[in-house]
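Colleague: Please look closely at one residue of this model, then work out from it to the rest of the chain. Give the cut-offs for each term as it comes up.

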Amino acid sequence: MRQFLVAITKEDDFFIARCPELNVTSQGKTLEEAEKNIKEAIELYIESFGTEDLPQQVSKPYLTLVEVAHV
C-alpha cells in the first residue's frame, strides 16, 4: 500500500484531480467522483509503469494562497 499526493480543485462544473508525482489527472462531477476517478487513474498508471522509478517517500505538501496585484 502506498500514498500519493492528490490536489482537487473546482473548475467550472467539474472537480479536477491531479497527482503531481505521477503527472496523472482525472475529473468528476462531484468531489467524491473525482477522488474515485483519480484513484482508478493512479492504479492504472501503476499497472502500466510500476513504482520502481518513483521516490519511496512522499514529501509533505505546503499549500498557500498568494495575492497578486494586477491592472
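**From leucine 63 to the core**

Modeller: Leucine 63 sits in the segment after H1, where helices (H or I, at least four residues) and strands (E, at least two) are DSSP runs numbered from the N terminus. This is a predicted model, in which local features need pLDDT of at least 70, side-chain atom pairs count only at pLDDT 80 or more, and totals for chains, interfaces and linings use all residues. Residues are numbered from 1 along each chain as its sequence is written, and side-chain values use heavy atoms, leaving out hydrogens and water.

Leucine 63 has a relative accessible area of 75%, so it counts as exposed (over 50%; buried is under 20%, partly exposed in between, with a 1.4 Å probe and protein chains only). Along the chain, leucine 63 and alanine 7 are 56 residues apart, yet their C-alpha atoms are separated by 9.9 Å.

Two other exposed residues belong to loops. Aspartate 12 is found in the loop between strand E1 (7-11) and E2, and its relative accessible area is 75%. Although aspartate 12 is not a glycine, its phi is positive, at about 55 degrees. Asparagine 23 is placed in the loop between E2 and E3. Asparagine 23 is exposed too, with a relative accessible area of 71%, and has a positive phi near 60 degrees in spite of being a residue other than glycine.

The salt bridge count comes to one, taking a side-chain nitrogen of Lys or Arg within 4 Å of a carboxyl oxygen of Asp or Glu. The partners are arginine 18 and glutamate 11, whose side chains meet at 3.2 Å, N to O. Arginine 18 has a relative accessible area of 34% and is partly exposed. Glutamate 11 is likewise partly exposed, with a value of 35%.

Serine 26 takes us to a buried place in strand E3 (residues 24-28). Its relative accessible area is 18%, which is why serine 26 is classed as buried. Leaving aside neighbours within four places in sequence, serine 26 is in contact (heavy atoms within 4.5 Å) with Phe15, Ile16, Ala17, Asn37 and Ile38. Among these contacts of serine 26, Phe15, Ala17 and Ile38 belong to the largest nonpolar core.

A nonpolar core is a set of buried Ala, Val, Leu, Ile, Met, Phe, Trp, Tyr and Cys residues joined through side-chain atoms within 4.5 Å. In the largest one here there are eleven residues: Phe4, Phe15, Ala17, Cys19, Leu22, Val24, Ala34, Ile38, Ala41, Ile42 and Leu54. Strand E2 (14-19) and helix H1 (31-49) are the elements that give two or more residues to this core. H1 provides the largest share, four residues. In soluble globular proteins, nonpolar side chains tend to be buried together.

Phenylalanine 4 shows how one member of the core is surrounded. Not counting residues up to four places away in sequence, phenylalanine 4 touches Cys19, Glu21, Leu22, Ile42, Ile46 and Leu54. Of these contacts of phenylalanine 4, Cys19, Leu22, Ile42 and Leu54 are listed in the core as well.

To return to the starting point, leucine 63 is exposed, whereas serine 26 is buried.
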